[in-house]
Amino acid sequence: MSEQPGPPAQPEDRPDGRPAGRPPAGPPKSRQTGWRALWLGGIALLTAVFFYPLGLVLGVAALVVGIRARRAARRGGDPAPGAVPGIVLGSIGLVFSVLSVSLTMFLWSELSGYQNCLSTSNTGTDKQACRDEYYPKIEDKLGLPRGSMDQYGDLL
């Protein structure tokens, strides 16, 4: 078999500019970044409830990654699925974390005194004495009605 002389084969005109015969480069970076923002936002929301300092950091990270993904998607004309939900979840996690940090700072003396009292108590009676001493202080500082900490104080 002989090849016929002629002009070399031209690559197909493709929107992404890659020559014919090459595999696609994979999903656009904005798509991956959008999903990353969604994951960060979801984890930020979960950790805002259980470990709020980490929720604070992850909430900021979700916002930054989500906004960058949206900008890159807008510039490249590609979709960025997950970027907007990631921004929303990251924002909610960030708000919960900021509220938790500010409440902890506001009640720092009462909460640290209560934890110190509990760490030195040996019996249930001692623990009840700690509750009787610190729950009214927390209720007064937050403007809660008397006895409301008895219902929800176990969350401390």
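User: Contact means that heavy atoms lie within 4.5 Å. In this predicted model, which helices are included in what covers the buried residues of helix 4?

Analyst: The buried residues of helix 4 are E110, L111, G113, Y114 and C117. Seen down the helix axis, these residues fall within an arc of 165°, so they line one face of helix 4. The cover over them includes helix 3 (83-106) and helix 5 (124-142).

User: Which residues are exposed on the other side of helix 4?

Analyst: A residue counts as exposed when its relative accessible area is over 50%. On the side of helix 4 away from its buried residues, the exposed residues are W108, N116, S119 and T120.

User: How are helix 4 and helix 5 oriented to each other, roughly parallel or roughly antiparallel?

Analyst: The axes of the two helices come within 9 Å and cross at roughly 175°. Angles over 145 degrees count as roughly antiparallel. The contact includes L111, Y114 and C117 of helix 4 and C130, Y134 and I138 of helix 5. Helix 4 and helix 5 are therefore roughly antiparallel.

User: Which element gives the largest share of the largest nonpolar core?

Analyst: This core has nine residues: L107, L111, Y114, C117, C130, Y134, Y135, I138 and M149. Two or more residues are given to it by helix 4 and by helix 5. The largest share, four residues, comes from helix 5.

User: How far apart are the end C-alpha atoms of helix 2?

Analyst: Helix 2 covers residues 52-76, which makes 25 residues. At 1.5 Å a residue, the expected span is 36 Å. The distance in the model agrees with this, since the end C-alpha atoms are separated by 35 Å.

User: Which residue with a positive phi follows helix 2?

Analyst: The buried residues of helix 2 include G55, L58, V65 and A73. Following helix 2 is a residue whose phi is positive, near 75°, namely G77.

User: Is G93 buried or exposed?

Analyst: G93 lies in helix 3. Leaving aside neighbours within four places in sequence, G93 is in contact with A44, L45, A48 and G55. A residue is buried when its relative accessible area is under 20%. The relative accessibility of G93 is 0%, so this residue counts as buried.

User: What distance separates the C-alpha atoms of G93 and Y52?

Analyst: Along the chain, G93 and Y52 are 41 residues apart. In space, the distance between their C-alpha atoms is 8.7 Å.

Methods
Residues numbered from 1 in each chain as written. Predicted model: local features only at pLDDT ≥ 70, side-chain atom pairs only at ≥ 80, totals over all residues. Heavy atoms only, no water. Buried < 20%, exposed > 50% of the residue type's maximum accessible area, 1.4 Å probe, protein only. Arc of directions from axis to C-beta. Core = buried A, V, L, I, M, F, W, Y, C linked by side-chain atoms within 4.5 Å. Expected span 1.5 Å × (residues − 1). Axes fitted to C-alpha atoms, helices over the stretch in contact; angles between N-to-C directions. Parallel < 35°, antiparallel > 145°, perpendicular 65-115°, else oblique.
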